[in-house]
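Here are three short exercises to work through with the model open beside you. Try each task before you read its solution.

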Amino acid sequence: MHHFRRHKDTIFMRYRCVFYALSNNYIIFAVSSTVCYMAQHNDLGKWGEDLAANFLIDKGYVIRERDWKCGKRDIDIIALAPDQATVVFVEVKTRTTNELEEPEDAVNRQKVKSIGMATHLYIKQFDVVENVRFDIISVVGTNRSNANIEHIEDAFNPLLY
């Protein structure tokens, strides 16, 4: 039997495995010896969300929430716009390159519906009375010096889907 300890990377097995949670660490007891590491895209996404949040702060936005979750649904950034009258729900898409597709193209119908449902729950839970807007921030690059950030305001409306 192979034992793997969770470090910075997330480990998963291609075949059968059982996960046991022990405090903040995970130990995987697996039947198969095929191990895959899958943290790069998670780290890339976190890095992109950090850049996007700082970008918004520099533009005068006030960040209310980061990675707000409600069940399986999540919203990357919830911010108050500089006008102080609009709550902006931001989906951040990060890619190392845009050769295959633009990051914002990954915000498909299913994702828009999910964001819409999460937004509805957030508005009810926190009694939001401000105007609401849905933006996408696209981050392309591998480090801060070569990152290209594009802010697409009013990118979609979940009520139309």
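Two strands pair if DSSP finds at least two bridges between them; strands (E, at least two residues) and helices (H or I, at least four) are DSSP runs, numbered from the N terminus. The model is a predicted one, in which local features need pLDDT of at least 70 and side-chain atom pairs count only at pLDDT 80 or more, while totals for chains, interfaces and linings use all residues. Residues are numbered from 1 along each chain as its sequence is written, and side-chain values use heavy atoms, with hydrogens and water left out.

**Exercise 1. Trace the open sheet and find the helix that lies across it.**

Step 1: Follow the strand order, which is β6-β7-β8-β9-β10, with mixed pairing.
Step 2: Look for strands that pair on one side only; these edge strands are β6 (62–70) and β10 (148–152). From one strand to the next, the twist averages 25 degrees; angles run from 0 to 180 degrees between N-to-C directions, and axes are lines fitted to C-alpha atoms, for helices over the stretch in contact (heavy atoms within 4.5 Å).
Step 3: Zoom in on β8 (residues 86–95), which pairs with β9 in the parallel sense over 10 bridges. Here Phe 89 has Phe 134 of β9 opposite.
Step 4: Add α2, which lies across β6, β7 (73–80), β8 and β9 and runs at about 110 degrees to β6.

**Exercise 2. Describe the second largest pocket: what is its volume, and which residues line it?**

Step 1: Fix the term. On a 1 Å grid over the protein atoms alone, a pocket is an open set of points where a 1.4 Å probe fits, with protein on both sides within 12 Å along at least five of seven lines; lining residues have an atom within 4 Å of a point.
Step 2: Read the volume, the space filled by probe spheres set on the points: about 190 Å³.
Step 3: List the lining, which includes His 120, Phe 134, Asp 154 and Leu 159. α2 (109–126) and β9 (131–140) each supply at least two residues, and α2 gives the most, with four.

**Exercise 3. Place Gln 84 and Asp 127, and state their phi values.**

Step 1: Most residues other than glycine have a negative phi.
Step 2: Gln 84, in the loop between β7 and β8, has a positive phi near 60 degrees. Its relative accessibility is 46%, so Gln 84 counts as partly exposed (from 20% to 50%, with a 1.4 Å probe and protein chains only).
Step 3: Asp 127, in the loop between α2 and β9, has a positive phi of about 50 degrees. At 62%, Asp 127 counts as exposed (over 50%).
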